[in-house]
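Trainee: Can we go through this one together? I'd like to know what to look at.

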Amino acid sequence: ELSFRIAAYCASLLEPRGDGRKARYKAVKKLYGLRSKAVHGARLKPEQIRTAVDDSFALLSALLVRIAEARAVPNLTALDSALFE
């Protein structure tokens with residue numbers, strides 16, 4: 001499932017194993033769910049949209065900082081290693 005993989009990869013890149021990673025996974029999965037609702041035409045409250053935009057910006061920013069710190073864009077092997085090792 002795409003939402004699982006995206007949330008799991010983001011969480012594993014940004015958080016060490018433990019409660020923080022699990023919380024990040026849940027937050028990204030929820031954010032992906034909001035994205036899906038918006039794309040498929042569900043009515044969202046303006047504050048839901050604003051929160052989703054702000055949270056998406058924060059997530060993208062954190063991922064870009066992580067990539068810049070690593071000086072490399074992670075490939076599938078690196079993502080799987082971050083997730084499973």
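Mentor: Get one term straight before we start. Buried means under 20% relative accessible area, exposed means over 50%, and partly exposed lies in between (1.4 Å probe, protein chains only). Glu1 is a case to try: at 65% relative accessibility, Glu1 counts as exposed.

Trainee: What kind of model is this?

Mentor: This is a predicted model, where local features need pLDDT of at least 70 and side-chain atom pairs count only at pLDDT 80 or more, while totals for chains, interfaces and linings use all residues. Residues are numbered from 1 along each chain as its sequence is written, and side-chain values use heavy atoms, with hydrogens and water left out.

Trainee: How many helices and strands are there in the chain?

Mentor: Four helices and zero strands. From the N terminus on, the order is α-α-α-α. Here helices (H or I, at least four residues) and strands (E, at least two) are DSSP runs, numbered from the N terminus.

Trainee: What does the C-alpha trace span?

Mentor: About 40 × 25 × 25 Å along its principal axes. Of the 85 residues in the chain, 25% are buried.

Trainee: Let's take helix 1. What does helix 1 reach, end to end?

Mentor: Helix 1 has 13 residues, and its first and last C-alpha atoms are 18 Å apart. That is close to the 18 Å expected at 1.5 Å a residue. The expected span is 1.5 Å times one less than the number of residues.

Trainee: And which residues of helix 1 are buried?

Mentor: They include Ser3, Ala7, Ala8, Tyr9 and Cys10. The cover over the buried residues of helix 1 includes helix 2, helix 3 and helix 4.

Trainee: On to helix 2. What should its 21 residues span?

Mentor: At 1.5 Å a residue, helix 2 (residues 19-39) should span 30 Å. Its end C-alpha atoms are 30 Å apart, so the two agree.

Trainee: Which residues of helix 2 are buried, and what do they pack against?

Mentor: Arg21, Val28, Leu31, Tyr32, Leu34 and Ser36 are buried. They pack against helix 1 (2-14), helix 3 (46-70) and helix 4 (76-84). After helix 2 comes Gly41, with a positive phi near 90°.

Trainee: Back to Arg21. Which side chain of opposite charge is nearest to it?

Mentor: Glu15, at 7.4 Å. Arg21 is buried yet has no salt bridge. A salt bridge is a side-chain nitrogen of Lys or Arg within 4 Å of a carboxyl oxygen of Asp or Glu.

Trainee: What is Arg21 in contact with, leaving aside neighbours within four places in sequence?

Mentor: Ala11, Ser12, Glu15, Pro16, Ala82 and Leu83. Contact means heavy atoms within 4.5 Å. Now take contacts in the chain between residues at least 6 apart in sequence: 61% of these join residues at least 24 apart.

Trainee: So how many salt bridges does the rule give?

Mentor: Three. In one of them, Glu1 pairs with Lys29, with the closest N and O atoms 3.2 Å apart. Glu1 lies in the segment before helix 1 and Lys29 in helix 2, so the pair ties together parts that are 28 residues apart in sequence. Lys29 is partly exposed, at 28% relative accessibility.

Trainee: What does Glu15 form a salt bridge with?

Mentor: Arg24, with the closest N and O atoms 2.8 Å apart. Arg24 is partly exposed, at 25% relative accessibility.

Trainee: Where do Arg50 and Asp54 lie?

Mentor: Both are in helix 3, four residues apart, about one turn of the helix. An α-helix has 3.6 residues a turn, so residues three or four places apart point the same way. Arg50 and Asp54 form a salt bridge, their closest N and O atoms being 3.4 Å apart.

Trainee: New topic. Where is Arg71, and is it buried or exposed?

Mentor: Arg71 is in the loop between helix 3 and helix 4. Arg71 is exposed, with a relative accessible area of 79%. Phi of Arg71 is near 60°, a positive value in a residue other than glycine.

Trainee: Last one: how many positive and negative side chains does the chain have?

Mentor: 15 positive and 9 negative. Lys and Arg count as positive, Asp and Glu as negative; His and the chain ends are not counted. The centres of the two sets lie 5 Å apart, taking each charge at NZ of Lys, CZ of Arg, CG of Asp or CD of Glu.
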